[in-house]
Amino acid sequence: MSCDFTRTALHGYLDGELDASRSAEFERHLEDCRDCAKALEVEESLRSALQRSSLCERAPASLRKKVRADLDAATAAPVAHRIPAWRWVAVAASILLVASISWYAWPRSGSGTANGVAPPPFTAAELIDAHIRSLQPGHLTDVASTDQHTVKPWFNGKLDFAPPVKDYADDGFSLIGGRLDVLGGRNVAVLVYARRKHFINVFVLPTKEPDTPIHPPGLRQGYQWLHWRHQGMEYCAVSDVSVADLHELAQLIYQ
Amino acid sequence: MSGIEKGSGSDVLDVHERARFEQLVLPHLDAAFNLARWLLRSREDSEDVAQEAMLRAYRFFRGFHGGDARAWLLQIVRNTCYTWLEKNRPVELMTEFDEELHPQPSVSPETLAIAGDNRERLGRALETLPPRFREVLVLRELEGCSYKEIAAITAIPIGTVMSALARARQRLQRALTQPPVQEASREL
C-alpha cells in the first residue's frame, strides 16, 4: 500500500530537506498518489502533536549551578603579569585576523564590495547586539500577536515606512509579533518569528539601493544572519536556528 | 568521533577560553539536558550525565574550531549518554537499528491527533522506542536540527538520516496507536 516515495522522499519533503527539483517532483507525485497524500497528512499530524506537546525539557537550575562550579574548578585564575611577551604577539595577531575576517565578511566602506553591492547601513556588531538585547526578558515584542493584520497596522504612525508583514505559520515560521528597534542610528521595524523553540528577528528598513539576492550567511557569536534587498526594503534575518531554516524563511519573505 | 579532538596540554582553560565557552556552548545547556533526558529516560540520571558531558565539552573545547557549537556539544552529550548506557543498561542498546520497514499501519490523522494530544501518552510512546530511533526524533522534532546536524551528532551518514527518521516516525505511530507490548502478548 505504500509506494517508494512514502519511505523516504516524503520525510525529506516534510522536513524541508529536499532540493527544489526533488521537492517539485514529489509535489507532482502527491497529486496522483492517494497513499502518499494520506501518509503526509498523518506525518504532519504527528509532527504538530510532538511540537505542541512541550516534551522539551529545560535544564534544571541545580544542573546549571553544578556546571558553573565545574567550569570554575577547571578554569585557571588570570595571572596577567606572567603572560610572556610572545603571547601578546599571538593575541595581537588573532585580533588582526578577526578584524580582517570581519572586514571581508561584512564590508562597510563607502566603496562597497567588489561586485558593486552597497553594504548595509549598520554593522554586524550592531545587528547581533540588537538581536541579543531582544532576547532579554520582556524585550522581544512591542506588539505580541500572531495576526498579521494586527501587527502591520501597529507600525502605522510609528515609522515613516510600512514594512511588509506576513505570517508563515503553515511553513513552520509563526509570526509572534513586532517591535521597533534602532539599528545603525535609525528606527527600524522588526518582525519576530518563532521556529520551534527559537526566535528569528527580521529587521526591515527602507533602502534606495537596488534589489539583491539573499547574500551568503554571516556568523557572529553563535548567531547567523542573512541579508538581502527587495522592492525598496532592506532585510536582515538573525537567529540561532540552522542556516537552512533561516534561508527557508528568507525565501518565503522574498517571494 | 572525528569532530572531537583531545585538548592539547593541561585540562585547565584560561579565562578567555572560559568566556568563549560561555558565549558559544553554555547557551545550549537546555538542548544538552533535553537530549540526555530522552536518551536516558530519567531526569536524575540525565542531570548527572549532562553535567559530565558539559565538563568533557569544556576540556575538549580547544579542539572546537568554530562552526555549529550546538551540534558539537550534542555530539559529546550523545557519546557520554551511550557510554553511560553501555555501562549501566547494556540491554537497551541491543536493538537492531536496521530492522525491516513494515508496511504503514492504517492510522487516520484524527486518531493520531487524539493520541498525540495527551502529553503523557506521547512521552511514553517516545520512550518505548529504541534509543537510536528516539534520538533522531528528539533532535528533529524537539530541537529542530537539520539533517546535516543530525548526521554530525549521531554519526550516521547524512544520506541515511531521512530513512532513519522515516523508521522512527513509523515506530512512534505504532507505539501511539497500538496497545503496549505486554498487554498484547497477554491476549495471545
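Helix axes here are lines fitted to C-alpha atoms over the stretch in contact, and angles between them run from 0 to 180 degrees between N-to-C directions. The model is predicted.

## Helix packing between chains A and B

Helix α5 of chain A covers residues 61-73, and helix α1 of chain B covers residues 15-24. The two pack at an angle of about 155 degrees. Their axes lie 11 Å apart. Angles over 145 degrees count as roughly antiparallel. α5(A) and α1(B) are therefore roughly antiparallel to each other. Their crossing is right-handed.

On the α5(A) side, the contact is made by A:R68, A:L71 and A:D72. On the α1(B) side, B:R18, B:F21 and B:E22 make the contact. Four residues of this contact are charged, two are nonpolar and none is polar.

## Helix packing within chain B

A second helix pair lies in chain B: helix α7 (residues 131-142) and helix α8 (residues 147-154). Their axes come within 10 Å and cross at roughly 140 degrees. The pair α7(B) and α8(B) is therefore oblique. This crossing of α7(B) and α8(B) is right-handed.

From α7(B), the contact uses B:E135, B:V136, B:L139 and B:R140. From α8(B), it uses B:Y147, B:I150, B:I153 and B:T154. Here five residues are nonpolar, one is polar and two are charged.

## Chain A overall

Chain A contains nine helices and seven strands. The chain has 255 residues, of which 42% count as buried. Contacts in chain A between residues at least 6 apart in sequence were also sorted by separation: 55% of them join residues at least 24 apart.

## The sheet of chain A

Seven strands of chain A form an open sheet. Their order is β1-β2-β3-β4-β7-β6-β5, with antiparallel pairing. The edge strands are β1 (143-144) and β5 (218-220), each of which pairs on one side only.

Start at the β1 edge. Two bridges join β1(A) to β2(A), and these strands run antiparallel. A:V143 has A:G178 of β2(A) as its bridge partner.

## From β2 to β3

Strand β2(A) covers residues 174-183. Nine bridges join β2(A) to β3(A), again antiparallel. Within this pairing, A:G177 stands opposite A:V192 of β3(A). The hairpin of β2(A) and β3(A) has two residues between the strands. In that hairpin, A:G184 takes a positive phi near 60 degrees.

How many of the ten residues of β3(A) are buried? Eight are, so this strand (residues 186-195) is largely enclosed by the rest of the structure.

## From β3 to β4 and on to β7

On its other pairing, β3(A) meets β4(A), which spans residues 198-206. Seven bridges join these two strands, which run antiparallel. A:V192 stands opposite A:N201 in β4(A). A:V192 thus links two registers, with A:G177 as its partner in the pairing of β2(A) and β3(A). Another pair joins A:A189 to its bridge partner A:V204 in β4(A). The hairpin of β3(A) and β4(A) also has two residues between the strands. There, A:R196 takes a positive phi near 50 degrees.

β4(A) is mostly covered, with seven of its nine residues buried. Seven bridges join β4(A) to β7(A), which covers residues 233-239. This pairing too is antiparallel. In it, A:V202 stands opposite A:A237 of β7(A). In a regular strand, side chains alternate between the two faces of the sheet.

## A loop residue: A:A118

Where in chain A is A:A118 placed? The residue sits in the loop between α6 (85-105) and α7 (124-134). A:A118 has a relative accessible area of 22%, so it counts as partly exposed. The cut-off for buried is under 20%.

Which residues does A:A118 contact, leaving aside its neighbours within four places in sequence? They are A:E209 and A:R229. A:A118 and A:T212 are 94 residues apart along the chain. Their C-alpha atoms are separated by 9.8 Å.

Note on methods
Residues numbered from 1 in each chain as written. Chains lettered and ligands numbered in written order. Predicted model: local features only at pLDDT ≥ 70, side-chain atom pairs only at ≥ 80, totals over all residues. Heavy atoms only, no water. Buried < 20%, exposed > 50% of the residue type's maximum accessible area, 1.4 Å probe, protein only. Helix = DSSP H or I, 4+ residues; strand = E, 2+ residues; numbered from the N terminus. Pairing = 2+ DSSP bridges. Parallel < 35°, antiparallel > 145°, perpendicular 65-115°, else oblique. Left-handed = near helix turned anticlockwise from the far one by under 90°. Contact = heavy atoms within 4.5 Å. Nonpolar A, V, L, I, M, F, W, Y, C, P; charged D, E, K, R; others polar.
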